[in-house]
Amino acid sequence: MQLDSGQWAIIFLCAILILGYVGGYSYNRRKAQQIYAWLQAGLAGWGKLVPGERLPGVITGGRFNILDPVEPFRHVEVLFLLSPCDNLLFWLFHRLQGRQDELVLKMRLKNSPDGDVEVGRPRD
C-alpha cells in the first residue's frame, strides 16, 4: 500500500497534535503543582488552603477555598486558570486573543459593602 503526500500530511499533523498534547499536558501539570505550592506558601497566613469543587468542562487549573479565613474575611476562594497548552489549536486561539494564565481571588468580607469590586492589571 502506497501513501500519497496528502495522507502523509495528515499523519504528520496528527503526530504534531499528539506530541503537542503530551508536552502541553505535562507542562501544565508541572505548572499547576508549582502554583499550588506557591499559593500554599503565600496564603498560609490567611487560613488553611483546601481543594474546592472541580472546575467545569475541560478547563485546566484549580479551585481552592480557605478554611476559617482571618479577619476581615468571611469567605475566600482562589481560582487559577491555565492556558490550554494541551490543545495546540485552543492555545493558539487564546494567544491570538491575548489571553494568558489567570489568578482569581473571590473574597467576601464580614461587613461587605454593597456591590462588587474588580481589581486587575490592565492588558497590554
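Accessible areas here come from the Shrake-Rupley method with a 1.4 Å probe, and for residues only the protein chains shown count as cover. This is a predicted model, where local features need pLDDT of at least 70, side-chain atom pairs count only at pLDDT 80 or more, and totals for chains, interfaces and linings use all residues. Residues are numbered from 1 along each chain as its sequence is written, and side-chain values use heavy atoms, with hydrogens and water left out.

**Exercise 1. Describe the chain as a whole: what is its surface, its pattern and its spread?**

Step 1: start with the surface. The accessible surface of the protein chain is about 9,800 Å², and 59% of that belongs to carbon and sulfur atoms.

Step 2: list the elements. Helices (H or I, at least four residues) and strands (E, at least two) are DSSP runs, numbered from the N terminus. The protein chain has two helices and four strands, and along the sequence they follow the pattern α-β-β-β-α-β.

Step 3: check the spread. The radius of gyration is taken over C-alpha atoms, and the globule rule is 2.2 Å times the number of residues to the power 0.38. For 124 residues the rule gives 14 Å, but the protein chain comes out at 20 Å, well over that, so it is more spread out than a compact globule. Its C-alpha atoms fill a box of roughly 75 × 30 × 25 Å along the principal axes.

**Exercise 2. Work out which residues of helix 1 are buried, and what they pack against.**

Step 1: get the helix's span. The expected span is 1.5 Å times one less than the number of residues. Helix 1 (residues 5–42) has 38 residues and reaches 54 Å from its first C-alpha to its last, close to the 56 Å expected.

Step 2: sort by burial. Buried means under 20% relative accessible area, exposed over 50%, and partly exposed in between (1.4 Å probe, protein chains only). In helix 1, the buried residues include Gly 20, Gly 24, Asn 28, Lys 31, Ile 35 and Leu 39. Here's a handy rule: an α-helix has 3.6 residues a turn, so residues three or four places apart point the same way.

Step 3: find the partners. Contact means heavy atoms within 4.5 Å. The buried residues of helix 1 pack against strands 1 (48–51), 2 (60–67), 3 (73–82) and 4 (102–109), plus helix 2 (88–97).

Step 4: look at two other helix 1 residues. Arg 29 sits in helix 1 and is partly exposed at 48% relative accessibility. Tyr 36, also placed in helix 1, is partly exposed at 26%. Beyond residues up to four places away in sequence, Tyr 36 touches Leu 49 and Phe 64.

**Exercise 3. Find what stands out in the backbone of the loop between strand 2 and strand 3.**

Step 1: recall the usual case. Most residues other than glycine have a negative phi, and most peptide bonds are trans.

Step 2: try Asp 68, which lies in this loop. Asp 68 isn't a glycine, yet its phi is positive, about 45°. Asp 68 is exposed, with a relative accessible area of 72%.

Step 3: try Pro 72, in that loop too. A cis peptide bond joins Glu 71 and Pro 72, with omega about 5°.

**Exercise 4. Is Ser 83 buried or exposed, and which residues does it contact?**

Step 1: place Ser 83 in the loop between strand 3 and helix 2.

Step 2: read its accessibility. At 7%, Ser 83 counts as buried.

Step 3: leave aside neighbours within four places in sequence. Ser 83 is then in contact with Asn 28, Trp 91, Arg 99, Gln 100 and Asp 101.
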